[in-house]
Every structure is written in C-alpha cells, then in structure tokens.
Amino acid sequence: MKRGPAGARRPGARGGPSSRRPRVRTVRARPAPPAGVPLLELAPGRERSVEHGHPWIFDGAVRESPRGLEPGATVAVVDAEGGFLAMAACNPASRILARVWSRKPESIDERWFERAVARALARRDPARLASPRAALRLVHAESDGLPGLVCDRYGDTLVLQFNSAGAERHRESLLSALLQATAPLGVRHAFERSDEDMRRLEGLPAAEPAPLAGQPAPQVAIDEQGLVFDVPIAAGQKTGFFLDQRDSRARVRSLAQGSRVLDVFCYTGGFSLAALAGHAARVTAIDASAAAIERLVAQAARTGVAAPRLDAQVADAFVALRELRNRGAQFDLIVLDPPKFAPTAATVPAAARAYKDVNLLALKLLAPGGRLFTFSCSGAVSADLFQKIVAGAAADAGLPVRLVARLGPAEDHPVLLSFPEGDYLKGLLCAVD
Ligand code: SAH
C-alpha cells in the first residue's frame, strides 16, 4: 500500500496522536565483513531483500559484477557502505548472482556444512527419520538454508541433487556431512540425480545419474502408509518419487472408497495405488511416460491389486481427457498433478492457459458429488493465481465448484517464509454437488 502524505490517515485508521510522529527508520550498525573473503557489494538501497531473509541476489542488485571468481566461490555480501550482510555462494554465470549461506560473518567450511545438515535433520519428524524404510526429504534447498541442494532419503540410500554452483563447489563436504549424519539411521549409499535444467540455468554441465557412495541399488523399496513402493532412483523422474505429495495421497486414500478414480499425470501411480488401497471401485491412470506406466502396472501386480480395477494408459493428458469426455466418461474423484507448466516467470501466461484447459476438461468429467484434487507445482504461479485459474475453469464449465481444502507439500518440504519462490506446490480439493 502506498502511504499518503505525512499525517494523512484513512478515516477510522488506528492510532492516536502518537501516530502523527514522523516515522523513523532504525538503522542498525552492520559489522565489518570477515577478512580475506572477496566482497560482493550491493548497489545503494538494494540490501532490503537480503535483510529480509531472501536467499537470492540478482545480477541487477550489485554495484559491479565480480571478476575472476570461480563459480560457487564464497563471498561476503556488503551494502553500499561496506556493512556486512551475508555470506553467499557467488555464480557470475547465473542471473541469480549469489545465494546466501549464512547471515553471520562466519567461515563456510566443512564444519559449517555439518552444522547446516544437522539443523536440517533437526527439522524433520524424528519418528519418520527413524523408520528403516523411511522416505523423506532431508534437505529442501533454499528453504533448509542450503541453496541448490536437495537430499531425499529412501531407506538406506540418499539421492542428491547439486543444482547450484555453490552446492556443486561444496559437493564433497555436503555429501560427507550427510552420510555422517545419517549413518546412525542406517543410511549406507548415495546416488546423484542432479536436475539438468536447473544446472543449465547455473551454467553448470549436466551431471549424469551416478553412484556417489556405497553401492546403491537402482531401485529402493520404501513404505508409505503401509504401501511398499519400489523407487527407481537411477531411472525415474526427479529423485525417483514425489515425496511432496505424501499428505495428499493419504487424503485421496481416505476418500476413495467405492469411487471411480481418474489419476492424471500419474507417474508411477502414487495416487492410483493410494486410491486402490482405499478401496476405489476402479482407477484410470494416465501418463505420457511409458516407463512410468510400466512401473505402475508392475507395482500394482506386486501390491496384489486386482488388475480389473486398474486401467493404466500411456497418453498425452490433454488428448486422453478429451477422449474420455467424448465417450461420456464420469469419475467421482479426479487427481490432476501436472508437471511444472511454468518453469520461469516469463512462462506464466502460457502455463495459466494450460492449467485452465486441463482443469476445465477434468471438471467436465466429474460425476455429481465428485471431487477434484488439482495441483500446480510451478513456483512462479502463486496460490492466489492458481485459485483464480481453477475458478475460471469452473465458470467456463458452468459449475458451482466449492473449495473444500487447500493442499500443500508434506512437512518434510518446509517453506522459508522469506522465500516465497520456495512455496511451489499448491493444491485445491474442490467438490461439486
Ligand atoms: N502424481 C505423481 C507425480 C506427477 S509428476 C505422483 O504422485 O507420483 C508429473 C507427471 O506428468 C510425470 O510423470 C510426467 O511424465 C507426466 N507428464 C508430463 N507431461 C504430460 C502430458 N502432456 N500428458 C501426460 N502426462 C504428462
């Protein structure tokens, strides 16, 4: 909100005479940066976002681009007067010029990474951590204070992504800190599944999937709500499994009884198997990836799910949904969990159209009394915008659609409040009469 001239107040605004005093901005004295570390000097007035805890510094915020620094090198970020703001990893090859490690003038060394990993583990549910077939995210990048690093644990195996120049530069320290901290939990192996697209934006070469420690098996059995999934850590998408949807899968399971379920963008069938375990009458599962559908079918066979209850199709979702509509198919419960349609802010308008399309198609397939679980995992699409898109689809479908619950990632995917970009996964559970 823009403030009016000094003294002007909205009628009824709170505050007595004291609110007419001029506003004074407190200027805290900043410490000097640590000696011997290259400085990254911000342009005047550009320190606010770092001060507010945002971990990214864009190339436009600095007085001068640093020269001669290796990608990922540690710098001390200072304001235009030389006051210390943060320790960060600098990457001259990226639009995100620096990512903050720490807001204290401290050394970013092996000990520091050990402490950062310990802090991340302390944020996890101890009961979940202790289970031998545990499947949970141990480090959620920026939101866990370790920009660019993702670490998922599947039983005795860690799957890691080094997606920023800083994480890449310190990969050995990070790996050894993680292995050391998780050895008491029974972790023995580690495997790399860095994200090629994110690395490209960082100017880093692609890192092939490869073992990092021990002898990781290509797939690892995990337990989610008593369901055993074989996670394809070497050949699957991302780190092998979409751990972030754990709570929503549980919700689908609890609502599936007797339902005709449609699981669109099903991958290896996390939602489908949850629905079958919840006694769905029938599940139709659709994904463009033949490998994912193959796994779903194999998994269903292993889980002892009666084949007639599962119809798994390799298809483009947009085409398959139109075909279902043309056939007059109806479903009581639909899950829409598409890939990231908006990888960057520039692609939001096109993504909004795709989200609207797919939601409109799905709403038209809902039987009376039906429920739609609809998700967006695009960080660039805000929760507010996503809700507007779904509301637009509902209006076009001519249906009164009610929002029953907002859905989000499981608790091992925390969101740092000063980093809204980390709030990527939003879901709406909608109902029609
Ligand atoms: N719901 C899944 C995760 C979905 S990830 C779970 O809980 O495990 C998104 C999936 O969409 C991927 O499996 C990808 O193969 C699939 N996909 C991407 N584009 C698609 C398209 N046009 N049609 C169908 N599936 C698509």
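Start at the ligand and find D287: an N or O atom in the side chain of D287 sits 2.7 Å from an oxygen atom of the ligand. Keep in mind as you look that this is a predicted model. Another residue to pick out is D316, where an N or O atom of the side chain lies 2.8 Å from a nitrogen atom of the ligand. Then turn to R249, whose side chain places an N or O atom 3.1 Å from an oxygen atom of the ligand. How much of the ligand does the protein bury? On its own, the ligand would expose 580 Å², and the protein buries 88% of that area.

Let's widen the view to the shell of residues around the ligand. There are 15 residues in this shell, and those that come nearest are Q237, D287, D316, A317 and D337. You have already met D287, with its side-chain atom 2.7 Å from a ligand oxygen, and D316, with its side-chain atom 2.8 Å from a ligand nitrogen. What kinds of residues make up the shell? Sorted by class, the shell has 9 nonpolar residues, 2 polar ones and 4 charged ones.

Now step back and take in the whole protein. The chain is divided into domain 1 (39-102), domain 2 (110-217) and domain 3 (242-432). Try tracing each of these ranges in the structure above.

Let's follow domain 1 and domain 3 to the place where they touch. Their C-alpha centres are 39 Å apart, and 5 residues of domain 1 make contact with 5 residues of domain 3. The size of an interface is often given as the accessible area lost when the parts come together. For domain 1 and domain 3, the buried area is about 370 Å², with carbon and sulfur atoms giving 65% of it. Which residues of domain 1 lose the most area to domain 3? They are H54, P55 and W56, which together account for 75% of what the domain 1 side buries.

What about the contacts across this interface? Between domain 1 and domain 3 there are 0 salt bridges, while 2 residue pairs are in polar contact. On the domain 1 side, the residues touching domain 3 comprise 2 nonpolar and 3 polar residues, with no charged ones.

How values were computed: Residues are numbered from 1 along each chain as its sequence is written. This is a predicted model: local features need pLDDT of at least 70, side-chain atom pairs count only at pLDDT 80 or more; totals for chains, interfaces and linings use all residues. Side-chain values use heavy atoms; hydrogens and water are left out. Domain bounds come from an automatic or database domain assignment. Contact means heavy atoms within 4.5 Å. Buried area is the accessible area (1.4 Å probe) that two parts lose on being put together, summed over both. A salt bridge is a side-chain nitrogen of Lys or Arg within 4 Å of a carboxyl oxygen of Asp or Glu. A polar contact is a pair of N or O atoms within 3.5 Å; within protein, one must be able to donate a hydrogen and the other to accept it, and residues adjacent in sequence count only if both atoms are side-chain atoms. Ala, Val, Leu, Ile, Met, Phe, Trp, Tyr, Cys and Pro count as nonpolar, Asp, Glu, Lys and Arg as charged, and the others, Gly among them, as polar. A residue is near a molecule or strand if one of its heavy atoms lies within 4 Å of it. Accessible areas come from the Shrake-Rupley method with a 1.4 Å probe; for residues, only the protein chains shown count as cover.
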